[in-house]
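Q: Please take a close look at one part of this predicted model. I should like a connected account of a group of charged side chains and of the elements that carry them.

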Amino acid sequence: LESMIRLAEAHAKMRLAETVTAEDVFEAVRLIKSALKQAATDARTGLIDMGLLTEGTSASERRRKGDMKTAVLSLLDEMTRAGGAVRYAEVVRRLGEQSSVQIEGGEFAEVLRSLEQEGAVQVSGEGPRRSIRRITRAV
């Protein structure tokens, strides 16, 4: 509300007027709506998502990362039945084959970091020797 008041006052000043009119208020509302639309539009869906402003990521992006986490864990369970480790590149390749959309390296790395923080996986090694181990807890 205070932003809208300041914008309406600024618009009136631009017209060199001493009073704020309904036109100034309508212009302030238009500017705020335009800024929100530009800042909160999800590039993937084209829809306005306030999560972009409040959380920094859209709902579709959070859902995609959650789906990728589930897929990675499922794939690791399948590939590491004996509790061993698998090559990082092999997991990326297999995940890419299973996915209907392209898997970006940075997004995959971010999902793995998140899974590591949750204690679900352990990543070790460097470069081509990097491997992933699924961590399971006995109940």
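A: **A network of charged side chains**

In this predicted model, Glu 61 is partly exposed, its relative accessible area being 23%. Lys 65, by contrast, has a relative accessible area of 16% and is buried, because the cut-off for a buried residue is under 20%. The two residues form a salt bridge in which the closest N and O atoms are 3.3 Å apart. Both belong to helix H4, which comprises residues 59-79, and their spacing of four residues separates them by about one helical turn. An α-helix has 3.6 residues a turn, so residues three or four places apart point the same way.

Lys 65 has a further partner in Glu 110, and here the closest N and O atoms are 2.5 Å apart. Glu 110 is located in helix H6 (residues 105-117) while Lys 65 is in helix H4, so this salt bridge ties together parts that are 45 residues apart in sequence. Glu 110 is partly exposed, with a relative accessible area of 35%. Glu 61, Lys 65 and Glu 110 are thus linked in a network of salt bridges.

A salt bridge also joins the side chains of Lys 69 and Glu 118, with an N to O distance of 2.4 Å. Lys 69 is part of helix H4, whereas Glu 118 lies in the loop between H6 and strand E2 (121-124), so the pair ties together parts that are 49 residues apart in sequence. Glu 118 is partly exposed, at a relative accessible area of 46%. The pairs described here are among the 11 salt bridges that the structure holds.

Helix H2 may be considered alongside these charged pairs. The 19 residues of helix H2 (residues 22-40) should span 27 Å at 1.5 Å a residue, and the end C-alpha atoms are 27 Å apart, which agrees. Asp 24, Ala 28 and Ala 40 are buried in H2. Viewed down the helix axis, the buried residues of H2 fall within an arc of 110°, so they line one face of the helix. Their cover includes helix H1 (2-14) and helix H3 (51-54). On the other side of H2, the exposed residues are Glu 23, Phe 26, Lys 33, Lys 37 and Gln 38.

Note on methods. Residues are numbered from 1 along each chain as its sequence is written. This is a predicted model: local features need pLDDT of at least 70, side-chain atom pairs count only at pLDDT 80 or more; totals for chains, interfaces and linings use all residues. Side-chain values use heavy atoms; hydrogens and water are left out. Helices (H or I, at least four residues) and strands (E, at least two) are DSSP runs, numbered from the N terminus. The expected span of a helix is 1.5 Å times one less than its number of residues. Buried means under 20% relative accessible area, exposed over 50%, partly exposed in between (1.4 Å probe, protein chains only). The arc is that of the directions from the helix axis to the C-beta atoms. Contact means heavy atoms within 4.5 Å. A salt bridge is a side-chain nitrogen of Lys or Arg within 4 Å of a carboxyl oxygen of Asp or Glu.
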